[in-house]
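Reader: Hello! I would like a close look at one helix and what surrounds it. Could you walk me through that part and then follow the links outward?

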Amino acid sequence: MVDYLARLNPEQRAAVETLEGPLLVLAGAGTGKTRVLTTRFAHIVLSGRAGPHQVLAVTFTNKAAREMRERLSQLLNRPVEGLWLGTFHALSTRILRRHAALVGLSSAFTILDTDDQQRLLKQVMEVERIDTKRWPPQLVMSLIQRWKDKGLTPDRVPETEEAEIGAGRGRALYAAYQERLRALNAVDFGDLLLLTTELLRTEPEILAQYHRLFRYILVDEYQDTNLVQYLWLRLLAQGHRNICCVGDDDQSVYSWRGAEIENILRFEKDFPGARVIRLERNYRSTAPILAAATGLISHNQCRMGKTLRPIEETGQAEPVQIVELHDSDEEARMIGERIERLRREGHKLAEIAVLVRAGFQTRAFEERLITIGVPYRVIGGPRFYERTEIRDALAYARLLVHPSDDLAFERIVNLPRRGVGETAMRSLHERARAQGVPLTAAAAELLAENALRGRAREGLGSFLANLERWRGALEEAGHVATMARVLDESGYIAMWQEDKSPEAPGRIENLKEFIRALGEFETLAGFLEHVALVMENDENAAGDRLSLMTLHAAKGLEFDTVFLPGWEEGLFPNQRALDEGGVKALEEERRLAYVGLTRARRRVIVSFVAFRKLYSGWQSAFPSRFLEELPDHAVERITSAAWQRTAQAASGGVFRDGSSLVLRGGGKEPPRPGRQTPFAAGVRVFHEKFGYGTVTAVENDWLEIAFDKAGSKHVLDRYVEPA
DNA sequence: AGGTTAGTAATTTTT
DNA sequence: TTACTAACCT
């Protein structure tokens, strides 16, 4: 037997060797999913069924693609390049650039990011006279994005849905936005998928060409695919029908981003004759952790069904701990203490993670970790290429490469200040629209005609002259030196140097890093393409550090010890998710809890509090319903009092100075337990801003009130008085 | 044109 | 509480 096959368990082997026809591999957490995927790819090649270039391998993230490429090159024992292995978006771009003309683009189209998308849509909405206050562009954008996720071009958006947004003009806005994109020779992320699918659907010869090329298709994280991605895959798989999707329905947590768990649940219907193989042997976690996770997820209705089994019974495995605490400060303190203890016992910080439901929760822990001196890193913060200064620098670069990039022009024409304000921009826009030319050209025209006055003329004049000069330098001095020069001569660096805000020095550092990053690419255009598709963080900050991140960001990672704080109703499961998505959302929240639990190899500490500091005040909370869903035999429940006893008993415990038991005075003190809201459903109330209304529901100190004038609102009881 | 202040809203995030 | 935006003032 070939030795790479010998290293697999029977299910994994079946997943690797079942090559013909559709196959769904249901891979539970920690069951060797990546190994199966890469080994399968290698097996296709090594068994001589297809060349490496005849396999299409699709992932969601660049990280996953990179990992797969590396492991594949190890298995094949040679470097692998130019493979059809990448993200849906990168592969779509590659296909689309080849046939751009067929979808009305030139092959040098630019890819807009979220920020550009929103600016553009806002402009479109202003032109269409839509109140952007009533209809935030962000909201409209998300609906357009959702339509794109479903494979709907403007003409295919159902009439019932278009009434939803922009005063019933949703579809018109979508169409206008698409028109603007086309005029700019630009696409957004959604378009990459949508246009590729359209291309494959309307051009049978091209589709046939790809059918001939791709003899095998591999898909990672299938539970996260949306409808267009499914259509995209289905079109390409029609050829040989050798499609293998790997995923875990219990880890589908991106529905709010358009992912449809139905894709994986429906697989056998979508691909008749499909085989399904379950990977249930878990190589990661202890028996109690798996029992807790399995018990919890069994409360979901909407799933394929799968049971994680530990590899062997480990007698002394720790139960999952559930710690009850009085308030959120105490929770941060408890976790800090436990981390210090683990550290003293010789555990690496890099093997410990604190996973929270929402980003803002990390702050409390950061503060605590700083005071006790534990090095940490926050994963999934603002990404490098999304920082203001980097996006500005990118706009300069884009304008050099594409003089017609209006969005880039607008972003930096007055940054730093060049006296080009609203008035000047209005005349530029008017001219550009009238002549059908880009803003740069319009500016040149107006300058030549002496149609601009004062500082705007000076500023624009030297700006355009500079652009020309820099473009010349690009040829002679190369892109790295030129961009450094651009940032300097434009006054952009100086702008931040003069800025007194605390983050300014960091921004200048980032700009230096930006110049360094440029050096890794042959050309500026190549760099821009990379940036558009690979918006990732460099989170490889060295050293032994604790990880702090959201549950979403933790998917795919694993740690020895995992802390799961904030298991309270409203926070987790998240109230807003529940309000918007009902039972489906609750199940997704539960899957998120499942993801959290299964990140741990050896230890899980779940915690919840009675009072949580939120924004300015304290809020009371109930334990999360998920806590009751954890099977008793797998958990150990520790009450606040019990925890205090153990802490006191432990040498060097929290209460060394005896002060921690006394809550600090003033506004920092959380409210006493047992407080009851004086309001009940049906009671008439008055609110300073919303006026009179009737209470329709009560949850803790939150009231749902139907106001006579202002509609239905969710408010805290302390802001209303009996009418 | 540009700086200042008041008002408002606050999940999850990759490409 | 903070962070961001829009209206307002100079």
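Author: Glu580 and Arg576 are both exposed, where exposed stands for over 50% relative accessible area, buried for under 20%, and partly exposed for the range in between (1.4 Å probe, protein chains only). This is a predicted model, in which local features need pLDDT of at least 70 and side-chain atom pairs count only at pLDDT 80 or more, while totals for chains, interfaces and linings use all residues. Residues are numbered from 1 along each chain as its sequence is written, chains are lettered from A and ligands numbered from 1 in the order in which they are written, and side-chain values use heavy atoms, with hydrogens and water left out.

The two residues sit in helix α28, four residues apart, which is about one turn of the helix. Helices here are DSSP runs of H or I with at least four residues, strands are runs of E with at least two, and the numbering starts from the N terminus. Glu580 and Arg576 form a salt bridge, with 3.5 Å between the closest N and O atoms. The term covers a side-chain nitrogen of Lys or Arg within 4 Å of a carboxyl oxygen of Asp or Glu. Side chains of opposite charge can pair when their charged atoms come close.

Val583 is another residue of α28, and with a relative accessible area of 61% Val583 counts as exposed. From Val583 to Arg507 there are 76 residues in sequence and 44 Å in space, C-alpha to C-alpha. The loop between β15 (559–564) and α28 holds Pro573, and the peptide bond from Phe572 to Pro573 is cis, with omega near 5°.

Now for the DNA. Both α28 (575–597) and α20 (422–435) supply at least two residues each to the surface near DNA strand B, and α28 gives the most, with four residues. A residue is near a strand if one of its heavy atoms lies within 4 Å of it. In total, 34 residues surround DNA strand B, and the closest are Gly359, Gly421, Thr423, Thr550 and Ala577. By type, this surface has 11 nonpolar, 13 polar and 10 charged residues. In that count, Ala, Val, Leu, Ile, Met, Phe, Trp, Tyr, Cys and Pro are nonpolar, Asp, Glu, Lys and Arg are charged, and the others, Gly among them, are polar. Of the strand B atoms within 4 Å of the protein, 57% belong to sugar or phosphate and the rest to bases.

Several phosphate oxygens of this strand can be followed to particular residues. One is 2.4 Å from a polar backbone atom of Gly359. Gly421 places a backbone N or O atom 2.6 Å from a phosphate oxygen, and Arg417 places a polar side-chain atom 2.7 Å from one. Just before Arg417 in the numbering comes Pro416, in the loop between α19 (406–412) and α20. The peptide bond from Leu415 to Pro416 is cis, with omega near 0°. Most peptide bonds are trans.

DNA strand C has a shorter list around it: Lys133, Arg363, Tyr615 and Ser616. These residues divide into one nonpolar, one polar and two charged. Of the strand C atoms within 4 Å of the protein, 50% belong to sugar or phosphate and the rest to bases.

Helix α20 also takes part in a charged pair. Arg431 forms a salt bridge with Glu445, the closest N and O atoms being 2.8 Å apart. This pair links distant parts of the chain, with Arg431 in helix α20 and Glu445 in helix α21 (residues 439–448), 14 residues apart. Glu445 is partly exposed, with a relative accessible area of 23%.

A pair with the spacing of four residues also occurs in helix α6 (residues 114–127), where Asp115 and Arg119 are about one turn apart. Their salt bridge has its closest N and O atoms 3.2 Å apart. Asp115 is partly exposed at 33% relative accessible area, and Arg119 is partly exposed at 35%. Across the whole structure, a search finds 54 salt bridges.

Notes. Polar contact = N/O pair within 3.5 Å; in protein donor to acceptor, adjacent residues only side chain to side chain.
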